[in-house]
Amino acid sequence: MPTAVTSASDLAIAGYVPLSTIDWPGALCASVFLQGCPWSCVYCQNTELMDPRANGQVAWEDVRAFLERRRGLLDGVVFSGGEATRQPALVPAIQEVRELGFRIGLHTAGAYPARFADVVSDVDWVGLDIKASATGYRPIIGVDAGAKAWQCLDLLLADVARRRTTNQPLTYEVRTTVFPGSTVARELPDIISALRERGVENFALQEARERGTSPQFQEQAREWDLPAWRHTWEGLVAQVEQAGFTTAVIRPA
Ligand code: SF4
């Protein structure tokens, strides 16, 4: 039976941002948002990008034509989502963008370790969400899939080590998001310990934002005891700052 060949043209693309200074810290980039995610994070701000059956809104050929006009004007291109590693066509898309001369950034929550392994050696910067401890994902994403994300973390760190002395080093940021009453806020010390044991050097603590989230999350937010949360948040920030990361970024809501 002939093997189906995937091309970048098969990507379901929800949209792209021509210029971003925040999607890849320290870089001027264009960001491509891929449709579909297997998870349902309670604080997802891209709920319209979750549906994996939804059609793309932008053709790959249009994104590629745009990038050809931006050669030399951008540091790189970030593939984001949704879950960017969901679609097999990410692999040829990354190769095409590299061939155009761009560096590659990737946002992922680590839902597809095999595809992550396929692309990581062609990526220059990764923003990896570690949403909870390996056993603590269900309250956040709706299923017990944390082992996949932590497997991606191990793949990431192995490639970081392998490329440390090459002329194409891999840089990264591991991010964890908390919010009032979240199980993640309670288990953050364990998460930090597990990250440090693995040698994670660059970490960001993020406070969930309400804007763009589901009506259920916004309703839940109306019940939050914000003065108590500010106290908790300051404690979490102190834990991160004292954990020994080389880079510790704090992103309040
Ligand atoms: S992994 Fe990202 S895109 Fe998917 S549901 Fe969670 S926050 Fe939304």
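## Helix α2 and its surroundings

Gly 101 follows helix α2 and has a positive phi, near 100°. This is a predicted model. Most residues other than glycine have a negative phi.

Helix α2 spans residues 90-99. Its buried residues are Leu 90, Pro 92, Ala 93, Ile 94 and Val 97. They pack against three strands and two helices by name: β2 (29-34), β3 (76-80) and β4 (103-108), along with α1 (60-69) and α3 (113-119).

## The loop before α2 and the ligand

Gly 82 lies in the loop between β3 and α2. A cis peptide bond joins Gly 82 to Gly 81, with omega about 15°. Most peptide bonds are trans.

Gly 82 is also one of the residues around the ligand. The others in this shell are Cys 37, Trp 39, Cys 41, Cys 44, Met 50, Ala 109 and Lys 131. By class, the shell holds six nonpolar residues, one polar and one charged. The ligand itself sits in the largest pocket.

## Nonpolar cores

The largest nonpolar core has 76 residues. Phe 79, Ile 130, Leu 153 and Leu 195 have the most contacts inside it. Apart from it lies another core, of five residues. Trp 24, Ala 27, Val 78 and Trp 125 are among them.

What does Ile 130 touch, not counting residues up to four places away in sequence? Its partners are Tyr 137, Ala 149, Trp 150, Leu 153, Val 174, Arg 175, Thr 176, Ile 191 and Leu 195. Leu 153 and Leu 195 also appear with Ile 130 among the residues with the most contacts in the largest core.

## Two buried strand residues

Thr 176 lies in strand β6, residues 171-178. Thr 176 counts as buried because its relative accessibility is 0%, and the cut-off for buried is under 20%. Beyond four places in sequence, Thr 176 touches Ile 130, Val 184, Leu 188, Ile 191, Phe 203, Ala 204, Leu 205 and Gln 206. Ile 191 is thus listed for Thr 176 and for Ile 130.

Val 126 lies in strand β5, residues 125-129. Is Val 126 buried or exposed? Val 126 is buried, because its relative accessible area is 0%. Leaving aside neighbours within four places in sequence, Val 126 is in contact with Leu 106, Thr 108, Phe 116, Leu 156, Leu 170, Thr 171, Tyr 172 and Glu 173. The C-alpha atoms of Val 126 and Trp 24 are separated by 8.6 Å. Along the chain, these two are 102 residues apart. Trp 24 belongs to the core of five residues.

## Two exposed residues

Asn 55 lies in the loop between β2 and α1. Asn 55 counts as exposed because its relative accessibility is 60%, and the cut-off for exposed is over 50%. Asn 55 and Ala 12 are 43 residues apart along the chain. Their C-alpha atoms are separated by 6.1 Å.

Arg 186 has its place in helix α6, residues 183-198. Why does Arg 186 count as exposed? Its relative accessibility is 61%, and exposed means over 50%. Arg 186 and Thr 108 are 78 residues apart in sequence. From C-alpha to C-alpha, the two are 23 Å apart in space. Thr 108 is one of the contacts of Val 126.

Methods. Residues numbered from 1 in each chain as written. Predicted model: local features only at pLDDT ≥ 70, side-chain atom pairs only at ≥ 80, totals over all residues. Heavy atoms only, no water. Core = buried A, V, L, I, M, F, W, Y, C linked by side-chain atoms within 4.5 Å. Buried < 20%, exposed > 50% of the residue type's maximum accessible area, 1.4 Å probe, protein only. Contact = heavy atoms within 4.5 Å. Helix = DSSP H or I, 4+ residues; strand = E, 2+ residues; numbered from the N terminus. Near = heavy atom within 4 Å. 1 Å grid on protein atoms, 1.4 Å probe; cavity = no way out; pocket = protein on both sides within 12 Å on 5 of 7 lines; lining within 4 Å. Sits in = over half its atoms within 2 Å of the grid points. Nonpolar A, V, L, I, M, F, W, Y, C, P; charged D, E, K, R; others polar.
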